[in-house]
Amino acid sequence: MAYLSWRVAQRWCPSSLQVTSFPVVQLHMNRTAMRASQKDFEDAMNQVKLLKKDPGNEVKLKLYALYKQEAARQNYVDLVSSLSPSLESSSQVEPGTDRKSTGFETLVVTSEDGITKIMFNRPTRKNAINTEMYHEIMHALKAASKDDSIITVLTGNGDYYSSGNDLTNFTDIPPGGVEEKAKNSAILLREFVGCFIDFPKPLIAVVNGPAVGISVTLLGLFDAVYASDRATFHTPFSHLGQSPEGCSSYTFPKIMSPAKATEMLIFGKKLTAGEACAQGLVTEVFPESTFQKEVWTRLKAFAKLPPNAVRISKEVIRKREREKLHAVNAEECSVLQGRWLSDECTNAVVNFLSRKSKL
């Protein structure tokens with residue numbers, strides 16, 4: 001396994017303990033326990049810098065995840081202790097309090113006037129899609145496919161439509177290790193994208209701000225995409241050692257030509273809303289000042305169309321592609337599973353997380 005420079009390793013355990021804005025699971029913690037573990041935590045960070053043997057990428061991701069979660073400092077100390085038995089710690093940290101789920105935690109879902117609206121609701125995290133949100137979006141789509149609405153709309157709460165996959169998902173390593181994590185993630189992704197492929201009603205994206213990663217690649221499976229003129233579209237897969245998903249390896253070349261798709265999916269070119277519209281990815285662009293009013297006026301008009309005619313028309317348009325899209329989805333997920341297990345991808349993610357921690 002290729003080793004990261006220990007200069008990089010030191011970046012994911014800096015001496016300063018400032019809280020950053022990078023997405024992490026916030027756990028409740030007793031302040032007295034936090035102070036009690038401070039010295040052990042600092043000792044553990046220093047111990048990491050003195051390790052003579054590289055612990056490997058999987059351990060590095062675990063260390064980074066624990067460092068970013070203040071309530072997990074004791075776990076950080078314990079993990080470093082297992083690497084260097086000479087470090088001893090007697091401090092204890094109270095475990096986090098699990099929050100009981102009541103409805104959706106990461107979405108706001110409403111149904112009114114023939115429209116089911118699914119709104120990404122992690123605005124402080126730029127609507128990054130964590131594992132919980134993946135499951136909740138699937139649940140919301142399955143429910144919307146059976147309700148009385150005519151159309152279904154996806155949009156974001158806050159300044160972003162979605163910043164894409166929450167990269168802290170990579171730091172949640174199960175007991176089976178990175179192989180199990182990659183396998184489970186590929187299964188989840190395939191099922192998630194499949195929900196968009198099979199959705200029976202008109203599916204419309206209201207892109208209220210920047211869109212990144214999977215929130216962009218999925219747009220090829222929507223029936224209409226309306227964007228604010230402040231929206232941008234970015235798929236930086238190669239920068240993270242990964243490959244396209246969301247059926248974009250098939251839909252994007254068809255929508256915008258192979259050369260333009262290559263610019264986005266391989267070279268990571270970021271498109272403005274106007275450029276995305278000119279290339280066919282976006283249906284229409286609206287000024288930010290009138291975006292919400294104009295788009296929702298139009299959507300409410302769509303929702304007055306005869307429901308059976310709308311569903312049947314979508315079926316006629318989409319059915320010839322459905323089998324192909326499922327095959328593409330399966331292939332993309334299989335390729336991604338291999339990419340997630342590569343040193344190239346792990347190193348890129350660790351480096352990205354390290355840079356983000358300094359922002």
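**Exercise 1. Place Phe352 in this predicted model and decide whether Phe352 counts as buried, partly exposed or exposed.**

Solution. Phe352 lies in helix α13, which covers residues 343-356. The next step is the relative accessibility, which for Phe352 is 24%. Buried would require a value under 20% and exposed a value over 50%, so Phe352 counts as partly exposed. As a last step, one can look along the chain to Leu240, which is 112 residues away from Phe352 in sequence, although the two C-alpha atoms are 7.8 Å apart in space.

**Exercise 2. Describe how helix α5 packs with helix α6, and state which residues make the contact.**

Solution. Two packed helices are described by the angle between their axes and the distance between those axes. For α5 (residues 131-144) and α6 (residues 177-197), the axes come within 10 Å and cross at roughly 30°. Angles under 35 degrees count as roughly parallel, and therefore α5 is roughly parallel to α6. The handedness comes next: α5 passes α6 in a left-handed crossing. On the α5 side the contact is made by Thr131, Tyr134, His135, Ile137, Met138, Leu141 and Lys142, while α6 contributes Leu188, Glu191, Phe192, Cys195 and Phe196. Sorted by class, the residues of this contact are 8 nonpolar, 2 polar and 2 charged.

**Exercise 3. Carry out the corresponding analysis for helices α8 and α9, and then find which elements the buried residues of α8 pack against.**

Solution. Helix α8 spans residues 248-256 and helix α9 spans residues 258-265; their axes are 7 Å apart and the packing angle is about 130°. That angle makes α8 oblique to α9, and the crossing of the two helices is right-handed. In the contact, Ser248, Ser249, Phe252, Pro253 and Met256 of α8 meet Pro258, Lys260, Ala261, Met264 and Leu265 of α9. These residues divide into 7 nonpolar, 2 polar and 1 charged. Turning to burial, Ser248, Tyr250, Thr251, Phe252 and Met256 are the buried residues in α8, and the elements they pack against are α7 (214-217), α9 and α12 (307-340). Just after α8, Ser257 takes a positive phi of about 90°.

**Exercise 4. Set these helices in the context of the whole chain: how many helices and strands are there, and what percentage of the residues count as buried?**

Solution. The chain holds 13 helices and 9 strands. Of its 359 residues, 50% count as buried. Among the contacts between residues at least 6 apart in sequence, 78% join residues at least 24 apart. Finally, the chain exposes about 17500 Å², of which carbon and sulfur atoms supply 53%.

Definitions and conventions: Residues numbered from 1 in each chain as written. Predicted model: local features only at pLDDT ≥ 70, side-chain atom pairs only at ≥ 80, totals over all residues. Heavy atoms only, no water. Helix = DSSP H or I, 4+ residues; strand = E, 2+ residues; numbered from the N terminus. Buried < 20%, exposed > 50% of the residue type's maximum accessible area, 1.4 Å probe, protein only. Contact = heavy atoms within 4.5 Å. Areas by Shrake-Rupley, 256 points an atom, 1.4 Å probe, with all protein chains shown as cover. Axes fitted to C-alpha atoms, helices over the stretch in contact; angles between N-to-C directions. Parallel < 35°, antiparallel > 145°, perpendicular 65-115°, else oblique. Left-handed = near helix turned anticlockwise from the far one by under 90°. Nonpolar A, V, L, I, M, F, W, Y, C, P; charged D, E, K, R; others polar.
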